[in-house]
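Open the model in your viewer and keep the sequence panel at hand. The stops below are given as selections, each followed by what is there.

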Amino acid sequence: MLVVEDELTSGTERDPTGAHHSVSRITLHQVLSAGLEGALHHGKEFERYARAADGTVTLHFVDGTTATADVLVAADGANSRVCRQYLPDATRVDTGIRAIAGKYPLTEETKRRLPTRLQDGPHSVLPPSGCGMFIAPHELGANYAPTERGIGGNDETAARDAVLFDNTGSYVMWAYTASSAKYPHGDAELSDMGGERLRDMVGTLIADWHPSLRRLVAESPAQSVSLLPIRTSVAVRQWETSNITLLGDAIHSMTPFRGIGANTALRDAQLLARSLIAASRGEVDLLDGIHDYETRMIDYGFAAVRRSLRTAEQTISTNRVGRSMFKAALRVFSVIPPLKRKVFSDLSSK
Ligand SMILES: Cc1cc2nc3c(=O)[nH]c(=O)nc-3n(C[C@H](O)[C@H](O)[C@H](O)COP(=O)(O)OP(=O)(O)OC[C@H]3O[C@@H](n4cnc5c(N)ncnc54)[C@H](O)[C@@H]3O)c2cc1C
């Protein structure tokens, strides 16, 4: 038996913040970069930093160039080189979970081949034990058109892979998840497998699932299918504040099972920006402002890491009792929106 749960984040509330919204990474990047022409420099690969006696930080790039700053904010993602140099004890660990994700393009023709239920919002498929599948539509709508400045259109990544990085078409994203032991191949072989073999393997693993779910996988283009080893950061003790700080995945990368990593990074950015603006106006001391940001960020950031790991573990759990309770909780939360919001949105509580 398979249970398809309406996902935690879908909502029937009038308040749009209670409902699921799919956000394209490419479009978000375009929106965040808009208006920063001249301030943003692309194509620079950070290698290391050095501190000068006057307190400034000089960044060294792979192409041999440098840049000197009063404050360095590391936003260089889960494999952050700044973090490795600044906080060498901060680590990420392998959860042993592997996801295989793909995209089923939505055209007039393919839409007819998939039940509307799989196109109308996110869902989690939770078989009795050991694996799961997350499904989420990205629907651009009938009025979709990129802006005059190209926001919402393709960027340079489309030239690298026109299917995987297409930003102009609707699709349903799926991600099959299980512990590495559940896969018929070891890690080395999995990472060598191309999209076609990965897709066929998932097809075999879900051979007794509903035909619509099998079609979703089987009819996704091979180029859109990839393997995602799931890692998570380990909580760090607060360090002595300086004019180097970090945000987002650079400090608190988490499993994607709650869909809150980017949301938490944006929260960091907003909080840190407020501190830096207050410091630039002379309203607070710079290091006090950064310290205040770091104290709060470490608290809610690693709370989000813990929750995301717990949901990942529940998704692949082989404990039938615990899994039934997890499903029951999802059902209760999805019919009581205020409770759902309380449980899934209050990242600051422990
Ligand atoms: C499969 C999957 C699904 C997810 N789904 C969701 C979701 O639904 N909702 C959600 O909120 N989060 C989600 N996340 C998490 C989200 O993607 C991350 O938390 C988010 O991207 C972190 O943002 P960031 O800016 O900190 O890092 P990143 O987005 O990783 O950006 C880091 C940037 O730094 C650049 N960089 C790295 N190293 C260097 C270097 N040495 N020099 C110069 N530049 C460098 C990179 O090129 C990149 O542009 C998901 C993650 C995964 C893997």
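Start by selecting threonine 58 and threonine 68: the second is the bridge partner of the first, and threonine 68 belongs to strand 4. The model is a predicted one.

**The three-stranded sheet**

Extend the selection to the whole of strand 3 (residues 57–61) and strand 4 (66–69). These two strands run antiparallel and are joined by 4 bridges. They form a hairpin with 4 residues between the strands. Among the residues of this hairpin, pick glycine 64, which takes a positive phi near 90°.

Now add strand 2 (46–51). Strand 2 is joined to strand 3 by 5 bridges, again in the antiparallel sense. To find the register, select tyrosine 49 and its bridge partner leucine 59, which sits in strand 3.

With the three strands shown together, you have an open sheet in the order 2-3-4, paired antiparallel. Which strands stand at the edges? Strand 2 and strand 4 do; each has a single partner strand, so one side of each is left without a neighbour in the sheet. Look along the sheet to see the twist: on average, neighbouring strands are turned by 25° against each other, direction ignored. When you switch on side chains, keep in mind that in a regular strand they alternate between the two faces of the sheet.

**Strand 6 and its partners**

Clear the selection and take strand 6 (residues 92–106). Two pairings can be followed from here, one with strand 10 and one with strand 9.

Select strand 10 (residues 226–233) next; it pairs with strand 6 in the antiparallel sense over 8 bridges. Arginine 98 has proline 229 of strand 10 as its bridge partner.

Then select strand 9 (residues 170–179), which runs antiparallel to strand 6 and is joined to it by 10 bridges. Two positions help to fix the alignment by eye. Isoleucine 100 stands opposite tyrosine 176 of strand 9, and tyrosine 104 stands opposite valine 172 of strand 9.

**Strand 9 and tryptophan 174**

Stay on strand 9 and add strand 8 (residues 131–138). The two run antiparallel, with 8 bridges between them. Cysteine 131 is a good place to click: its bridge partner is alanine 178 in strand 9.

Turn on the surface. Strand 9 is mostly covered, with 8 of its 10 residues buried. Is tryptophan 174, which is found in strand 9, buried or exposed? Tryptophan 174 is buried: its relative accessible area is 0%, and the cut-off for buried is under 20%. For a distance check, select the C-alpha atoms of tryptophan 174 and proline 137; the two residues are 37 apart in sequence and 8.7 Å apart in space.

**The second largest pocket**

Select Ala78, Cys83, Ala90, Thr91 and Arg92. These are the residues nearest the centre of the second largest pocket, which is lined by 19 residues. About 200 Å³ of space lies in this pocket. By class, its lining has 10 nonpolar, 6 polar and 3 charged residues.

Helix 2 (81–86) and helix 8 each supply at least two residues of that lining. The largest share, 4 residues, comes from helix 8.

**Helix 8 and the loop after it**

Select helix 8 (249–252), then histidine 252, which lies in this helix. Histidine 252 is buried, with a relative accessible area of 0%. Its C-alpha is 7.6 Å from that of alanine 235, a residue 17 positions away in sequence.

Move on to arginine 258, in the loop between helix 8 and helix 9 (261–280). With a relative accessible area of 17%, arginine 258 is buried. Show side chains and select threonine 311 as well: the side chains of arginine 258 and threonine 311 make a polar contact at 2.8 Å.

**Last stop: helix 10**

Select helix 10 (residues 286–315) and, within it, leucine 309. Leucine 309 counts as partly exposed, at 24% relative accessibility. Finish by selecting threonine 232 together with leucine 309. The C-alpha atoms of this pair are separated by 7.3 Å, although the residues are 77 apart along the chain.

Key
Residues are numbered from 1 along each chain as its sequence is written. This is a predicted model: local features need pLDDT of at least 70, side-chain atom pairs count only at pLDDT 80 or more; totals for chains, interfaces and linings use all residues. Side-chain values use heavy atoms; hydrogens and water are left out. Buried means under 20% relative accessible area, exposed over 50%, partly exposed in between (1.4 Å probe, protein chains only). A polar contact is a pair of N or O atoms within 3.5 Å; within protein, one must be able to donate a hydrogen and the other to accept it, and residues adjacent in sequence count only if both atoms are side-chain atoms. Two strands pair if DSSP finds at least two bridges between them. Axes are lines fitted to C-alpha atoms, for helices over the stretch in contact, and angles run from 0 to 180 degrees between N-to-C directions. On a 1 Å grid over the protein atoms alone, a cavity is a set of points where a 1.4 Å probe fits but cannot get out, and a pocket is an open set with protein on both sides within 12 Å along at least five of seven lines; lining residues have an atom within 4 Å of a point. Grid points are joined across faces, edges and corners, and a volume is the space filled by probe spheres set on the points. Ala, Val, Leu, Ile, Met, Phe, Trp, Tyr, Cys and Pro count as nonpolar, Asp, Glu, Lys and Arg as charged, and the others, Gly among them, as polar.
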